[in-house]
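Me: Got a minute to go through the backbone of this one with me? I'd like to start with a residue that has an odd phi.

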Amino acid sequence: MAEMISNHVTVVNSLTHRKMKVALLMGGSSSEREISLMSGAQVEAALHRLGHDVIVIDPARDGITVLAQSGPDAAFIALHGKYGEDGCIQGTLEMLGIPYTGSRVLASAVAMNKIVSKALFAAAEVPTPPCVTANRSDAPEVVLARAQSLGFPCVVKPSSQGSTVGITIVKESAALADALELALRSDPDALIEKYITGTEVTVGVLGTRTPRALPTLEIVPKNEFYDWDSKYTPGKSEHIVPARIPEPARAECERLAVEAHVALKCRGYSRVDMIVEPSGQVWVLEANTLPGLTQVSLLPDAARAEGISFDQLIQTILDSAFDE
């Protein structure tokens, strides 16, 4: 049996370092389509530089038939948001028997759902800010009472959206209804989370069986918080590596990033967002199973700080398509 396992590993390693036919999935139909196209363009250029054959497939434009007929060695998923990060495309690829980058179906689905992922963090003793939930069917007075139990300010966000879509910092109870209306437009459930004041940081994680953290990166947005504009407009945020927090807090951020990655059963790579209070207390906000790979994205910056070029990062992610 050991010999069979050893042979399998050798075959996988040889496959992932040869020239491959790669189906690059980008675009899609989510609210993050524009960002996916930006990530995809960067990935496509890197895959070409690495010597791979690339077939660009936009599921919203080309459908799944093209993917099935293209016969790729692997699929590189550069999709973001609904139908890309939530396990849907991953399930399709599983049924087609095509190896793919990023987390598998279960991890993709639970990480995308902030309510479920926070429950798993709590079970794994990963500290995450206190929260309550709201559903479209809940009476307004009931939701208000739940929010008041947390206090104001609080953060209202859709349960299953990324890139800060539908998120609002609510400073007083009078603004709660509008924030909920915005969040519940795109999802039947919303999360109301205690607002934590501190330094916003993120930690990339690479690996599956023995994941390791990249350096802790501090995010300094020009806007009130790290919103869509801050994320994707050049010059609207500053990325500082290593983060300007005490060394024990940096070590704790990197430890918790790996713990969160493992708790959600992520595969290959992820990026974990956190807040560090002035006291040094670290709070995990969420994990991203398909973090952005644009020119202004966080994960590539953290990788560069570790001495990993963008092309090396893309090859590492592509290799992880064959992780068990």
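Reply: Sure. This is a predicted model, and E125 is a good place to start: it sits in the loop between α7 (114–123) and β4 (131–135).

Me: What's the phi of E125 near?

Reply: Near 60°, so to speak on the positive side, in a residue other than glycine. Most residues other than glycine have a negative phi.

Me: And is E125 buried or exposed?

Reply: E125 counts as exposed because its relative accessibility is 69%, and the cut-off for exposed is over 50%.

Me: Which residue also has a positive phi of about 60° although it is not a glycine?

Reply: K265 has that phi. You'll find K265 in the loop between α11 and β12 (269–276).

Me: Is K265 buried or exposed?

Reply: K265 is exposed, at 63% relative accessible area.

Me: OK, changing topic to peptide bonds. What kind of peptide bond joins F152 and P153?

Reply: A cis one, with omega at about 5°. Most peptide bonds are trans.

Me: Where is P153 found?

Reply: P153 is in the loop between α8 (140–150) and β5 (154–158).

Me: Now V241 and P242: what's omega for the bond that joins them?

Reply: Omega is about 0° there, and the V241–P242 peptide bond is cis.

Me: Which loop is the place of P242?

Reply: The loop between β11 (237–240) and α11 (247–263). K265 then lies in the loop between α11 and β12.

Notes. Residues are numbered from 1 along each chain as its sequence is written. This is a predicted model: local features need pLDDT of at least 70, side-chain atom pairs count only at pLDDT 80 or more; totals for chains, interfaces and linings use all residues. Side-chain values use heavy atoms; hydrogens and water are left out. Helices (H or I, at least four residues) and strands (E, at least two) are DSSP runs, numbered from the N terminus. Buried means under 20% relative accessible area, exposed over 50%, partly exposed in between (1.4 Å probe, protein chains only).
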